[in-house]
Amino acid sequence: MSEVRHLPVAPTRVERLAPGGEIEAHRHDDHQIVYAARGVLAISTTAGTWMAPGNRAIWVPAGTIHAHYAHGELELHLVGVPAHRNPLGLTDPTVLAVAPLLRELIMGYTAMPDDDRGAERARLHAVLLDRLRAAPHQPLHLPAPSSPLLRSVCDVLRTDPADGRTLDELGHQVGASSRTLSRLFRSDLGMTFPQWRTQLRLQVALVLLADGASVTTVARQCGWSSPSAFIDVFRRTFGHTPGAHALGS
């Protein structure tokens, strides 16, 4: 992220990106809600990656340097929120659950002209922020390690999410004890090794599903012992089955 565009105002609009498309690193002085009505959205910062399928949105605080990436055909709905209004009180990007009403509010609001200053648009914006306050936060963040030693382990797993080796076995490869690596996962990433690996596998699974891979293929490539084991973890995380996700439900 060497060249960062500065946008004083976070736009409110609908934008479409082809599979593999991206919006390069930028920041704006406003907060922004980013919602993908179609496809899977990934937002990356130096702190890690947040991903959102169709029933999730991502809150991007003002001033955050971030880039957007499209997995599948992406229909992106952007809602700018003035910096002096932070209904969530959040200072870091956060994935939020999008209930049907919040989805319709976002879709309706972004369909209106951005220069519309009418009372109807103002009321819609107020209700949208009210529903946003009630949206549960979702743990769909894959933090990026700062420790070079931990980065080596994470890079191995990013290359092959199906790698099922224990932390002790991975430690032998990078020259560190499992105790040292376990401590680094907690201190550097704020989660355990199994939690980080599951987050990684879920993010890769979202990308593969967006690209049209079958549930069986995704389960195998991401390291689950069986399709049913993958379906169980996916359902508990996202609230629906991976088959429904692939169909855009």
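**Helix packing and buried positions in the predicted model**

The axes of α6 and helix α8 (residues 227-238) come within 11 Å and cross at roughly 95°. That crossing makes α6 roughly perpendicular to α8, a label given to angles of 65 to 115 degrees, while angles under 35 count as roughly parallel, those over 145 as roughly antiparallel and the rest as oblique. Here the axes are lines fitted to C-alpha atoms, for helices over the stretch in contact, with angles running from 0 to 180 degrees between N-to-C directions. Helices and strands are DSSP runs (H or I with at least four residues, and E with at least two, respectively), numbered from the N terminus. The model is predicted, so local features need pLDDT of at least 70 and side-chain atom pairs count only at pLDDT 80 or more, whereas totals for chains, interfaces and linings use all residues. Residues are numbered from 1 along each chain as its sequence is written, and side-chain values use heavy atoms, with hydrogens and water left out.

On the α6 side of this pair, T198, L202, A205, L206 and L209 meet F230, V233, F234, T237 and F238 of α8, where contact means heavy atoms within 4.5 Å. The residues of this contact divide into eight nonpolar, two polar and no charged. In this scheme Ala, Val, Leu, Ile, Met, Phe, Trp, Tyr, Cys and Pro are nonpolar, Asp, Glu, Lys and Arg are charged, and the others, Gly among them, are polar.

Helix α6 itself has 18 residues and spans 26 Å from its first C-alpha to its last, close to the 26 Å expected at 1.5 Å a residue; the expected span is 1.5 Å times one less than the number of residues. The helix is mostly covered, with 13 of its 18 residues buried. Buried stands for under 20% relative accessible area, exposed for over 50%, and partly exposed for values in between (1.4 Å probe, protein chains only). After α6 comes G212, with a positive phi near 95°.

A second perpendicular pair is found in α3 (residues 148-159) and α5 (residues 178-189), whose axes come within 10 Å and cross at roughly 100°; α3 and α5 are therefore roughly perpendicular to each other. From α3, the residues L149, L150, V153 and C154 meet T180, L181, L184, F185, D188 and L189 in α5. This contact of α3 with α5 comprises eight nonpolar residues, one polar and one charged.

Helix α4 (residues 167-174) has L167, L170 and G171 as buried residues. Viewed down the axis of α4, these fall within an arc of 105°, so they line one face of the helix; the arc is that of the directions from the helix axis to the C-beta atoms. The buried residues of α4 pack against α3, α5 and α6 (193-210). Just after α4, G175 adopts a positive phi of about 80°.

Helix α2 (residues 119-133) offers another one-sided arrangement. With 15 residues, α2 reaches 21 Å from first C-alpha to last, close to the 21 Å expected at 1.5 Å a residue. Its buried residues are R121, H125, L128, L129 and L132. Seen down the axis of α2, they lie within an arc of 95°, so they line one face of the helix. The face turned away from this buried side carries the exposed residues A119, E120 and R123. On the buried side, the packing partners of α2 are β4 (31-45), β6 (56-60), β7 (66-81), β8 (94-97) and α1 (100-111).

Some individual positions complete the picture. L142 lies in strand β10 (residues 141-143) and is buried, with a relative accessible area of 1%. Its C-alpha is separated by 5.6 Å from that of G48, although L142 and G48 are 94 residues apart along the chain. Beyond neighbours within four places in sequence, L142 is in contact with A47, G48, T49, R158, W196, Q199, L200 and Q203.

Two prolines sit in loops flanking β6: P53 between β5 (48-52) and β6, and P61 between β6 and β7. P53 is buried at 0% relative accessible area, and its C-alpha is 6.5 Å from that of L41, twelve residues away along the chain. P61 is also buried, at 4%. The C-alpha atoms of P61 and P93, 32 residues apart along the chain, are separated by 6.2 Å.
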